[in-house]
Amino acid sequence: MSLSDLEVQVGELIIETLNLDMEVNDIDPDDYLFGEGLGLDSIDALELAMAISNQYNFQLRSDDANNRKIFRSLKTLADYIDSQLKIG
Amino acid sequence: MVDDREQTWKKTSDRGSLWLIEIITWVILHLGRHVGRFFLYPIVCYFILFSSTTRFSRHYLTRSLARKVNFSDVFRHYYSFANMLLDRVYLLSGKTQAFDVHLHGDDIFDELIQQNKGIILLGSHLGNFDLLRVFSAKYSDIKIKAVMNDNNRQKVNQVFERLNPSLKDEVIHIGHPESMLALKEFVQQGNLAGILADRVETEARSVSCEFFNQTTLFPSGPLIVASLIQAPVVLCFALHRKNNQYDIYFHKFSDKIILPRESRQEKLTEYMSEYAHILEQYCKQNPYSWYNFYDFWNDEK
């Protein structure tokens with residue numbers, strides 16, 4: 001499955017921020033980021049959230065009711081960033 | 001990153017002590033603290049006879065006492081543990097005034113609170129971390145939350161939450177993607193987050209440190225988080241003296257944890273080795289007050 005431009009960008013941000021030993025094309029956009037799949041934990045999530053706010057100028061909040069969905073996969077994360085960029 | 005290997009403390013320590021906590025809770029709530037203390041003797045004796053964790057007590061005591069361990073040492077260790085649980089139950093039911101607490105080194109907070117960067121408080125399973133409730137009663141303008149693993153201690157937490165329903169709001173549970181984000185927001189509002197830093201959650205988030213002349217794993221997560229949110233780190237040990245008397249010791253650990261990307265693991269090892277060293281000193285001075293009843297040094301491998 002090919003990635004959208006933003007998915008590639010966010011995927012690269014994940015790999016770069018978390019120092020992962022993989023290529024962006026290795027990430028299945030529908031795969032889970034946490035637990036199974038990429039196997040990230042909440043410390044990774046914090047680093048990632050901080051990198052996202054630096055790069056895209058909006059804050060991810062812990063009390064967002066949609067967090068489970070936002071952080072589910074590369075696709076859902078990229079979709080959320082896209083929606084925030086449109087608002088911004 | 002998460003690995004599948006479960007840490008041994010998840011399998012042993014808390015399951016073993018659950019019924020001890022249940023009994024002590026019942027005794028405290030029905031008979032009070034003084035009578036409850038009397039009942040600790042038979043309860044602890046019974047527990048030692050039937051618990052499979054006493055060998056872990058021996059593993060530890062051999063090191064902290066630096067001599068051969070006898071039955072009365074193990075008894076003292078578990079008695080001290082039971083007494084800690086008893087005081088915890090008491091504290092959780094809101095009776096913070098009942099304790100006579102001496103703070104040592106708490107002058108560092110005046111400056112730290114003014115900086116308003118929040119504080120990461122590193123505790124341990126030495127002594128009784130819940131005594132911080134008394135501390136928070138004194139510094140009422142800052143809020144304190146404890147960072148805890150909920151999955152594996154769910155049953156214990158249920159007992160404590162029954163006792164104090166507001167407990168849920170005083171805890172940041174790890175294990176959700178947004179957990180550490182919540183911690184960041186809380187600390188950056190100028191508040192204080194307490195983490196017990198002598199149990200490893202996952203090997204991927206650990207470093208090897210010397211502890212009683214032997215290398216074993218300590219968690220690296222707490223300091224990674226402290227470095228990300230740039231909060232000062234303070235060590236804290238709350239130790240029981242006698243009756244209702246406690247001493248709480250604070251040490252400034254670092255104004256700012258700096259972890260260079262290329263040497264992150266080395267730097268974490270350095271920081272946590274210092275933590276382990278200080279913890280060891282306190283364990284030697286208070287040999288019966290460290291409550292990690294599992295195979296901490298991998299003696300049984």
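## A walk through the two chains

In strand 4 of chain B, the residue that stands opposite B:Val147 is B:Ile172, and this pair is a useful place to enter what is a predicted model. The pairing to which it belongs joins strand 3 of chain B to strand 4 of chain B, in the parallel sense and over four bridges. Strand 3 (residues 144–149) of chain B also runs parallel to strand 5 (residues 192–196) of chain B, and four bridges join these two strands; here B:Ile144 has B:Leu192 as its bridge partner in strand 5 of chain B.

These pairings are part of a wider arrangement in chain B, an open sheet of seven strands in the order 1-9-8-2-5-3-4, with mixed pairing. At the edges stand strand 1 (100–104) and strand 4 (171–174) of chain B, and because each has a single partner strand, one side of each is left without a neighbour in the sheet. From one strand to the next, the twist averages 25°.

An antiparallel pairing is found between strand 8 (residues 233–240) of chain B and strand 9 (residues 245–254) of chain B, which are held together over eight bridges, with B:Leu235 opposite B:His251 in strand 9 of chain B. The loop between strand 8 and strand 9 of chain B contains B:Arg241. Is this residue, B:Arg241, buried or exposed? With 12 other C-beta atoms within 10 Å, B:Arg241 is exposed, since 12 or fewer such atoms is the cut-off for that class. Apart from its neighbours within four places in sequence, B:Arg241 is in contact with B:Tyr246 and B:Asp247. The C-alpha atom of B:Arg241 is separated by 9.8 Å from that of B:Val101, although the two residues are 140 residues apart along the chain.

Helix 10 (residues 264–285) of chain B has 22 residues, which at 1.5 Å a residue should span 32 Å, and its end C-alpha atoms are indeed 32 Å apart. Its buried residues are B:Leu268, B:Tyr271, B:Met272, B:Tyr275, B:Ala276, B:Leu279, B:Tyr282 and B:Cys283; seen down the axis of helix 10 of chain B, they fall within an arc of 140°, so they line one face of the helix. Among the elements that cover these buried residues are strand 2 (119–123), strand 8 and helix 9 (221–229) of chain B. The face of helix 10 of chain B that is turned away from the buried side carries exposed residues, including B:Glu266, B:Glu270 and B:His277.

Chain A offers a helix that can be read in a similar way. Helix 4 (residues 74–87) of chain A has 14 residues and reaches 20 Å from its first C-alpha to its last, close to the 20 Å expected at 1.5 Å a residue. In helix 4 of chain A, the residues A:Leu74, A:Leu77, A:Ala78, A:Tyr80 and A:Ile81 are buried, and they line one face of the helix because, seen down its axis, they fall within an arc of 160°. Their cover includes helix 1 (5–17), helix 2 and helix 3 (67–70) of chain A, whereas on the other side of helix 4 of chain A the residues A:Ser83, A:Lys86 and A:Ile87 are exposed.

It remains to see how the two chains meet. Contact between them involves 16 residues of chain A and 17 residues of chain B. On the side of chain A that touches chain B, the largest share, seven residues, comes from helix 2 (residues 42–56) of chain A, and the residues of that side divide into nine nonpolar, five polar and two charged.

Key
Residues numbered from 1 in each chain as written. Chains lettered and ligands numbered in written order. Predicted model: local features only at pLDDT ≥ 70, side-chain atom pairs only at ≥ 80, totals over all residues. Contact = placed C-beta atoms within 7 Å. Nonpolar A, V, L, I, M, F, W, Y, C, P; charged D, E, K, R; others polar. Pairing = 2+ DSSP bridges. Axes fitted to C-alpha atoms, helices over the stretch in contact; angles between N-to-C directions. Expected span 1.5 Å × (residues − 1). Buried ≥ 20, exposed ≤ 12 C-beta atoms within 10 Å, placed from the backbone. Arc of directions from axis to C-beta.
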